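Open the model in your viewer with the sequence panel alongside, and follow the stops below in order. Each stop suggests a selection and then describes what is found there.

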Amino acid sequence: MAITDKIYLKNHRQIVSQLDANIPKRVFSGATLEVLYSGEGLSKVNGATRDRLLDFAEDFLDCENSDDIYTGYPERQFITYLLELRAQGLGPDAIVDVMSDEYMVYAYPGDVLSFLDDAVRTLESVEALADVEGDREMLDEARQAKKDLVGPR
């Protein structure tokens, strides 16, 4: 299961009540994205909630082609966001706190840790393949990306 399947709306019950519509708790489910992307339902939620959800929509759902919203674009953008937070030195708990503060979404720190661990393992595989292929540039890029994720020891 991808990390984006484990990202949830904070205050889901309150938001559903204000929208007067039932939407899934998972942020990246089609129905939830539709409400966030269209913005029509957001006029029904209180100001602070609306601002954060609009920030989420602007940062992750604003694609050049509106059909891209259903092709994994938002998920890729969010994964990049998580990796950038980790590259800034934040641990799983802090990453969850930041995403919650910025966008009113949350995940469990263990799920974030698992995602980051999988990312490191993937980069180790890229390193090994690049070494076998003699692709020094890719090897160096993978090493640097892994170093950014692992952080100082």
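Begin with Thr-4, which lies in the segment before strand S1 (8-9). This is a predicted model, and every stop on the tour should be read with that in mind. Is Thr-4 buried or exposed? With a relative accessible area of 4%, Thr-4 falls under the 20% limit and therefore counts as buried. If you display its surroundings and leave aside the neighbours within four places in sequence, you will find Thr-4 in contact with Phe-28, Glu-75, Phe-78 and Ile-79.

**The whole chain**

Now zoom out and colour the chain by secondary structure, which comes to 7 helices and 2 strands. Read from the N terminus, the elements run β-α-α-α-α-α-β-α-α. The C-alpha atoms fill a box of roughly 55 × 35 × 25 Å when this is taken along the principal axes. Of the 153 residues, 38% count as buried, and among contacts with a separation of 6 or more, 48% are accounted for by residues 24 or more positions apart.

**From strand S1 to the loop after H1**

Return to the N-terminal part and select Asn-11, which is found in the loop between S1 and H1. Asn-11 is not a glycine, and yet it has a positive phi of about 60°; its relative accessibility of 37% makes it partly exposed.

Step on to His-12, which is found in helix H1. His-12 has a relative accessible area of 15% and is buried. Not counting residues up to four places away in sequence, His-12 touches Ile-23, Pro-24 and Lys-25.

Follow the chain to Asp-20, in the loop between H1 and H2. Asp-20 is not a glycine either, and its phi is positive, at about 60°. As for its surroundings, Asp-20 is exposed, with a relative accessible area of 70%.

**The nonpolar core**

Next, look into the interior, where the largest nonpolar core has 38 residues. Which residues have the most contacts inside this core? They are Ile-7, Phe-56, Phe-78, Met-99 and Val-105, and selecting these five together is a convenient way to find it. The elements that give two or more residues to the core are helix H1 (12-19), helix H2 (30-38), helix H3 (47-61), H4, helix H5 (92-103) and H6. The largest share, 6 residues, comes from H6. At least three residues are drawn from each of domain 1 (1-106) and domain 2 (110-148).

Keep Val-105 selected and show what surrounds it. Leaving aside its neighbours within four places in sequence, Val-105 is in contact with Ile-7, Tyr-8, Leu-9, Lys-10, Val-27, Phe-56, Phe-78, Val-96, Met-99 and Ser-100.

**Helix H4 against helix H6**

Select helix H4 (residues 73-87) together with helix H6 (residues 109-133), and turn the view until both axes can be seen. The helices pack at an angle of about 90°, with their axes 11 Å apart. Because angles of 65 to 115 degrees count as roughly perpendicular, H4 and H6 are described as roughly perpendicular to each other.

With side chains shown, Ile-79, Leu-82, Leu-83 and Arg-86 in H4 can be seen to meet Phe-115, Leu-116 and Ala-119 in H6. By class, this contact has 6 nonpolar, no polar and 1 charged residues.

**The two domains**

Colour the chain by its domain assignment, which gives domain 1 (1-106) and domain 2 (110-148). Taken over C-alpha atoms, the centres of domain 1 and domain 2 are separated by 27 Å. How many residues of each domain are in contact with the other? Domain 1 has 11 residues in contact with 7 residues of domain 2.

**The last stop: Asp-148**

Finish at Asp-148, which is found in helix H7 (residues 136-150). Asp-148 is partly exposed, with a relative accessible area of 36%. Once its neighbours within four places in sequence are left aside, Asp-148 is in contact with Arg-86 and Ala-87. Arg-86 has already appeared on this tour, as one of the H4 residues that meet H6. For a final distance, pick the C-alpha atoms of Asp-148 and Tyr-8, which are 140 residues apart along the chain and separated by 26 Å.

How values were computed:
Residues numbered from 1 in each chain as written. Predicted model: local features only at pLDDT ≥ 70, side-chain atom pairs only at ≥ 80, totals over all residues. Heavy atoms only, no water. Axes fitted to C-alpha atoms, helices over the stretch in contact; angles between N-to-C directions. Helix = DSSP H or I, 4+ residues; strand = E, 2+ residues; numbered from the N terminus. Parallel < 35°, antiparallel > 145°, perpendicular 65-115°, else oblique. Contact = heavy atoms within 4.5 Å. Nonpolar A, V, L, I, M, F, W, Y, C, P; charged D, E, K, R; others polar. Core = buried A, V, L, I, M, F, W, Y, C linked by side-chain atoms within 4.5 Å. Buried < 20%, exposed > 50% of the residue type's maximum accessible area, 1.4 Å probe, protein only. Domains from an automatic or database assignment.
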